[in-house]
Amino acid sequence: MAEKKESVMAGFKAFLMRGNVIDLAVAVVIGAAFTNIVNSVVKGIINPLVGAFGTKDLESYRSCLKGPCEIDEAGNVVTGIPIMWGIVLSAILSFIITAAVVYFLMVLPMAKVLAKRAAHDKAKEGVDEVLEVSELEVLKEIRDHLVAQRGPSSDKGTHSTS
C-alpha cells in the first residue's frame, strides 16, 4: 500500500513539474490580472463615455419586462421585472477588448515567431539533407577510388569452393 501511495505522489509531483502546467498557472494569474484592467477600463472610461453621449452610464441601461419597474435607492428591485441589458453590453465590450488585446499582442506575434522558426527549421533541414547527400557522394567516391586502386582482380570477391 505504501508503494502505491508513493507512486501516486511521485506521479502527481511529475504532473505538477511539467512545464505546461506551470505555464498554464502563470497564464491564469496573468489573465485574471489583465481581466481586472480591462474591466476597469470599461467601467472607468467606456461606460462614462456612453453616458456622455446617452442619458446615463452604460450599466444603468435597462428595460422593464413586466412593468412598471421600480427600483429603490439601494438598487434593489421593488416592483416589475427589469432586464439589465446595459450590464450585458458592458460585459460583451470587456470580452471583445480582452480578446482583441490577446489576439493582437499575444497570438498574432507568436504566430509570426512560430512561422519564422518553422521556415528556419525547414531551411536548416534542407541544408542538412544536402550535407548528407554530399557526404554520401564523397563516401561513394572514396569507395570507388579504393576499388580502382586494388585493381580488377580484387573485384571478384570471395571464391566459393564447389
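Colleague: I'm new to this structure, and Trp-85 caught my eye. Why is Trp-85 called partly exposed?

Modeller: Trp-85 has a relative accessible area of 37%. Buried means under 20% and exposed means over 50%, so at 37% Trp-85 falls in between and is called partly exposed. Keep in mind that this is a predicted model.

Colleague: What is the overall layout of the chain, read along the sequence?

Modeller: It follows the pattern α-α-β-β-α, with three helices and two strands. Of the 162 residues, 7% are buried. The chain exposes about 13300 Å², and carbon and sulfur atoms supply 67% of that.

Colleague: Back to the rings. How many aromatic pairs are there?

Modeller: The count comes to two. One of them is Tyr-61 with Trp-85.

Colleague: What makes the pair of Tyr-61 and Trp-85 tilted rather than stacked or edge-to-face?

Modeller: The ring centres are 5.4 Å apart, and the limit for a pair is 6.5 Å, so Tyr-61 and Trp-85 qualify as a pair. The planes are 35° apart. Stacked needs under 30 degrees and edge-to-face needs over 60, so 35° leaves tilted.

Colleague: And which parts of the chain does that pair tie together?

Modeller: Tyr-61 lies in the loop between α2 and β1, while Trp-85 is in helix α3, so the pair links parts that are 24 residues apart in sequence. Tyr-61 has a relative accessible area of 15%, which is under the 20% limit, so Tyr-61 counts as buried.

Colleague: What about Tyr-103 and Phe-104: what makes them an edge-to-face pair?

Modeller: Their centres are 5.1 Å apart and their planes are at 80°. The distance is within 6.5 Å and the angle is over 60 degrees, so edge-to-face is the right word for Tyr-103 and Phe-104. As for accessibility, Phe-104 is at 52%, over the 50% limit, so Phe-104 is exposed. Tyr-103 is at 40%, which makes it partly exposed.

Colleague: How do you know that Cys-64 and Cys-69 are joined by a disulfide?

Modeller: Their sulfur atoms are 1.9 Å apart. The rule asks for a pair of cysteine sulfurs within 2.5 Å, so Cys-64 and Cys-69 pass. A search of the whole structure finds one disulfide. The link of Cys-64 and Cys-69 is right-handed, with 90° about the S-S bond.

Colleague: Why are Cys-64 and Cys-69 called partly exposed?

Modeller: Cys-64 has 36% relative accessibility, and Cys-69 has 29%. Both values sit between 20% and 50%, so both cysteines are partly exposed.

Colleague: Now the strands. How do you know that β1 and β2 pair?

Modeller: Strand β1 (residues 63–71) and strand β2 (residues 77–83) share five bridges, in the antiparallel sense. Pairing takes at least two bridges, so five is enough. Glu-70 stands opposite Thr-79 in β2. The two strands form a hairpin with five residues between them, and Gly-75 in the turn has a positive phi of about 95°.

Colleague: Let's turn to the helices. Why is Val-38 called buried?

Modeller: Val-38, which is found in helix α2 (residues 19–53), has 5% relative accessibility. That is under 20%, so Val-38 counts as buried. Ser-94, in helix α3, is at 9%, so it is buried by the same limit.

Colleague: How far apart are Val-38 and Ser-94, in sequence and in space?

Modeller: They are 56 residues apart in sequence and 6.1 Å apart in space, C-alpha to C-alpha. Leaving aside neighbours within four places in sequence, Val-38 is in contact with Ser-94, Ile-97 and Thr-98.

Colleague: What do Ile-97 and Thr-98 touch, with those neighbours left aside?

Modeller: Ile-97 is in contact with Val-38, Val-42 and Ile-46. Thr-98 is in contact with Phe-34 and Val-38. Ile-97 has a relative accessible area of 25%, so it is partly exposed.

Colleague: What makes the approach of Thr-98 to Ser-94 a polar contact?

Modeller: The side chain of Thr-98 reaches the backbone oxygen of Ser-94 at 2.8 Å. The limit is 3.5 Å, so the distance fits. Thr-98 has its place in helix α3 (residues 85–150), and Ser-94 is found in helix α3 too.

Definitions and conventions: Residues numbered from 1 in each chain as written. Predicted model: local features only at pLDDT ≥ 70, side-chain atom pairs only at ≥ 80, totals over all residues. Heavy atoms only, no water. Helix = DSSP H or I, 4+ residues; strand = E, 2+ residues; numbered from the N terminus. Polar contact = N/O pair within 3.5 Å; in protein donor to acceptor, adjacent residues only side chain to side chain. Contact = heavy atoms within 4.5 Å. Buried < 20%, exposed > 50% of the residue type's maximum accessible area, 1.4 Å probe, protein only. Phe/Tyr/Trp six-rings, centres within 6.5 Å; stacked < 30°, edge-to-face > 60°. Areas by Shrake-Rupley, 256 points an atom, 1.4 Å probe, with all protein chains shown as cover.
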